[in-house]
Amino acid sequence: MDYDVLVVGAGLAGMRAALAAQQAGADVAILSKVHPLRSHSNAAQGGINAALTDRGDDWQEHGYETVKGSDYLGDQDAIEILAEEAGSEIITLEHMGVIFSRNEEGYLGTRRFGGQQRARTFFVSDFTGQALLHVMFEQIVKSGVRVLDEWFVTSLVTHEGICTGVTALEMRTGEIHTVGARSVILATGGLGRVFEPSTNGLVCTGDGMSLVYRAGVPLMDMEMVQYHPTTLKGNGLLISEAARGEGAHLLNADGERFMQKYAPNMLELASRDVVSRAEQTEINEGRGIDGCVLLDCRHLGRDFILEKLHQIHEEGMTYANVDLTKEPIPIRPGMHYQMGGLKTDVDGRCWDKLGGDWGGVQGLFAAGEAACVSLHGGNRLGANSLLDTVVFGRRSGVAAAAFAKDAAASGIPLPGDAVQSQEEERINALLARNGTGDRVAGMRLEMGEAMNEHLAVFRNEEGMQTAFEKIKELQQRYGSVSVKNSGKIYNTSLIFALELGFMLDCAESIVSGAIQRKESRGAHTRTDFPDRNDDEWLKHILVYYQDDGEPRTSTLPVVITRWEPQIRVY
Ligand SMILES: Cc1cc2nc3c(=O)[nH]c(=O)nc-3n(C[C@H](O)[C@H](O)[C@H](O)COP(=O)(O)OP(=O)(O)OC[C@H]3O[C@@H](n4cnc5c(N)ncnc54)[C@H](O)[C@@H]3O)c2cc1C
């Protein structure tokens with residue numbers, strides 16, 4: 001159970017990292033709490049961005065629009081890499097076997113996504129993530145990378161500030177193992193379920209962010225939580241931006257295309273934070289319908305909808321009893337994506353190679369939604385996340401393989417039996433609880449609803465302090481939470497309890513960062529500080545775990561290479 005490189009997480013970021021590390025000559029294993037094909041990347045619908053120069057697009061324009069989309073909080077060195085490497089990653093995906101949708105001439109087709117003037121989103125109908133994930137998994141199977149699926153990482157192992165592996169629960173048997181590695185890549189995805197409802201699946205519980213936060217790596221930009229403009233009321237399911245990209249309109253209760261007031265140039269395709277704020281304002285000012293506004297696709301025509309927006313048509317029928325071809329569907333802003341995450345450099349390193357003061361843990365890398373390079377800053381552009389997973393997944397795989405080579409020569413010991421016994425003791429103690437404490441599901445809902453009430457589209461000091469108190473109270477109660485099943489095999493009660501602990505850490509860091517930022521920028525809109533304040537807040541907020549339950553925060557400058565901050569209008 002010792003590898004050069006261990007990748008935790010088998011979504012797009014993890015699999016891309018594993019392939020790159022293996023191609024760089026490392027012995028690689030990839031470990032995931034669900035089968036790789038059930039990773040949440042599977043849910044991505046609309047597409048993946050790239051500026052392909054052969055059709056007159058320009059990576060600098062993509063870079064600029066990403067910077068503007070981020071409300072100037074994204075680090076421009078990372079954004080330049082993202083935009084410049086995008087084209088070759090799309091071609092690599094195509095060569096791996098992804099059958100992208102084509103245009104009339106037979107070339108790779110594109111659609112428009114929000115915050116961008118050009119159509120540069122490549123797609124496979126409206127199930128792009130699924131198509132990419134399946135092809136990537138085929139490559140993993142072909143490569144011979146060891147896959148440990150339905151293994152749940154419970155803790156990180158470090159030795160004198162260097163990561164040497166993880167402990168993991170094999171869900172089928174209930175056994176705890178240590179898995180040693182010269183470098184570890186965390187690609188554990190997002191934390192959507194810290195909020196209720198969310199567009200994210202139940203597995204998106206921020207495990208990696210919490211594991212590494214507790215190990216001493218700061219979480220950055222955590223206050224930046226994306227509320228997507230088009231989610232279904234109740235269950236929070238996503239209606240992809242692809243609908244607006246293909247021309248759907250947003251209407252209020254008076255039938256008015258209200259985006260004309262808020263973003264006269266880009267209308268429904270302004271950045272997501274802008275559209276969500278506009279919708280919420282319409283709803284708050286009484287021009288909504290039952291807490292929603294309407295998404296109207298009717299003018300696109302039945303044949304077009306069934307070909308290009310097939311999945312969301314089905315979603316509308318199944319979950320809202322609405323036929324998109326015949327009537328508008330009620331939607332509203334809903335929690336969708338975490339812009340922040342584990343602070344990394346542009347090669348995925350979770351430590352400061354230059355010896356600066358943000359700390360971190362050597363030998364540890366992160367990629368995908370769990371990481372914060374910071375590409376997305378205050379607001380992610382649609383279809384930049386899948387791109388993030390492959391570009392920075394690949395880069396972290398290459399860097400982790402190189403680190404592993406050097407670390408192997410340095411003789412750092414990999415985890416031994418003592419680590420395993422300690423973790424077994426901790427888990428057994430959890431299983432042995434007498435069952436009189438709070439139930440996990442109830443606490444999870446209390447947390448999610450508090451976050452959704454106080455850290456949504458509009459925020460203020462009082463609400464955020466209320467949420468902070470709630471999280472502290474839940475953390476207290478978590479100390480005696482009950483696990484109803486003490487069995488070994490597929491003990492989902494145990495998994496849910498462990499996930500709740502991870503989510504509470506994530507919630508704590510989100511609220512701490514949000515209280516700290518006394519301005520409005522991107523997705524962080526404060527009614528008590530309504531303006532962006534570059535003089536004081538053009539910087540990242542880092543949140544550090546503290547044993548006493550009061551997280552420490554510090555700041556880092558934003559990297560600006562070529563695009564000076566401007567007033568942001570669409
Ligand atoms: C409904 C929806 C639609 C979207 N559509 C788009 C789109 O069109 N374009 C776009 O760019 N982005 C889109 N996104 C965002 C994008 O899909 C995600 O940000 C991205 O796929 C995340 O990939 P990932 O590899 O980082 O994580 P995931 O794909 O979530 O993978 C995480 C992996 O980590 C593993 N894991 C987690 N915790 C543990 C643990 N404790 N132990 C072991 N393994 C663990 C999981 O098993 C899983 O394999 C969408 C998101 C949603 C929710």
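Val184 in strand 9 has Leu364 as its bridge partner in strand 17. These strands belong to a predicted model, in which local features need pLDDT of at least 70, side-chain atom pairs count only at pLDDT 80 or more, and totals for chains, interfaces and linings use all residues. Residues are numbered from 1 along each chain as its sequence is written, and side-chain values use heavy atoms, without hydrogens and water.

Strand 9 covers residues 175-186, and 11 of its 12 residues are buried, so the strand is largely enclosed by the rest of the structure. Buried means under 20% relative accessible area (1.4 Å probe, protein chains only). Strands are DSSP runs of E with at least two residues, and helices are runs of H or I with at least four, numbered from the N terminus. Two strands pair if DSSP finds at least two bridges between them.

The pairings of strand 9 are as follows.

| Partner of strand 9 | Sense | Bridges |
|---|---|---|
| Strand 1 (residues 2-8) | parallel | 6 bridges |
| Strand 8 (residues 162-170) | antiparallel | 6 bridges |
| Strand 17 (residues 360-366) | parallel | 3 bridges |

Within these pairings, Tyr3 has Ala181 of strand 9 as its bridge partner, and Ala168 stands opposite His177 in strand 9. Strand 8 and strand 9 form a hairpin with 4 residues between them, and Gly174 in the turn has a positive phi of about 80°.

How values were computed
Buried means under 20% relative accessible area, exposed over 50%, partly exposed in between (1.4 Å probe, protein chains only).
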